[in-house]
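Open the model in a viewer and keep the selection panel at hand. The stops below are given in the order in which to select them.

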Amino acid sequence: YDVTVTTNDQLLVADFDHHCIYTFTLDGNYVSKFATRGPGRGQLRGPYSLTTDLCGFILVAEVGNDYVSIFNKDGKFVHCFGSEGSGDGKFKGPCGIAISPTGNIYVSDYRNSRVQIFSTY
């Protein structure tokens, strides 16, 4: 449901229905896809929003897994943060993600009706 442009000028598209991320050139030519459907680390369930940081890492807000997955610029899983719940650092439907120029990460949390701010991941 979301698109972003990477630091190496590629277009990333989050495909909510197919649980993966597609990579295209800025001209719209298909390059690759990464991730598969599932609840495991490095798998996606309902990738809803994505962004990249200044180092080229790709952050994906996943509605179905209730966490944020982080991939390197080649689409290899690196780390994730968050889990299902309503406390600090927990999510119930993370559906939007953005990074400020200072590096803060903003995650909109649909079913908890809030936006959480993280200074690091």
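The count of salt bridges in this predicted model comes to 2.

Select Asp66 and Arg111 to see one of them: their side chains meet in a salt bridge, with 3.8 Å from N to O. This pair links distant parts of the chain, 45 residues apart. Asp66 sits in the loop between strand 6 (58–62) and strand 7, while Arg111 is in the loop between strand 10 (105–109) and strand 11 (114–118). Turn on the surface and compare the two ends. Asp66 has a relative accessible area of 8% and is therefore buried, the cut-off being under 20%. Arg111, with a relative accessible area of 47%, is partly exposed.

Next, select Asp109 and Arg114. Here too the side chains form a salt bridge, at 3.1 Å from N to O. Is Asp109 buried or exposed? Its relative accessibility is 1%, so Asp109 counts as buried. Arg114 counts as partly exposed, because its relative accessibility is 24% and the partly exposed class starts where buried, under 20%, ends.

Now move to Lys73. Which loop holds this residue? Lys73 lies in the loop between strand 7 (67–71) and strand 8 (77–81). The relative accessible area of Lys73 is 55%, so this residue is exposed; the class requires over 50%. For a distance check, pick the C-alpha atoms of Lys73 and Ala98: they are separated by 17 Å, and the two residues are 25 apart along the chain.

Keep Lys73 selected and add Gly56 and Ile58. Lys73 is in contact with both of these residues, its neighbours within four places in sequence being left aside.

Gly56, Ile58 and Lys73 also lead to the last stop, since they are among the residues that line the largest cavity. Rolling a probe the size of a water molecule over the atoms shows where empty space is left. How many cavities of 30 Å³ or more does a search of the whole structure find? The search finds 1, and the volume of the largest cavity is about 30 Å³. To display the complete lining, extend the selection to Thr6, Thr7 and Asn8 together with Gly56, Ile58 and Lys73. Coloured by residue class, this lining divides into 1 nonpolar, 4 polar and 1 charged. Ile58 is a lining residue that counts as nonpolar, and Lys73, also in the lining, counts as charged.

Terms used
Residues numbered from 1 in each chain as written. Predicted model: local features only at pLDDT ≥ 70, side-chain atom pairs only at ≥ 80, totals over all residues. Heavy atoms only, no water. Helix = DSSP H or I, 4+ residues; strand = E, 2+ residues; numbered from the N terminus. Buried < 20%, exposed > 50% of the residue type's maximum accessible area, 1.4 Å probe, protein only. Contact = heavy atoms within 4.5 Å. 1 Å grid on protein atoms, 1.4 Å probe; cavity = no way out; pocket = protein on both sides within 12 Å on 5 of 7 lines; lining within 4 Å. Points joined across faces, edges and corners; volume = space filled by probe spheres on them. Salt bridge = Lys/Arg side-chain N within 4 Å of Asp/Glu carboxyl O.
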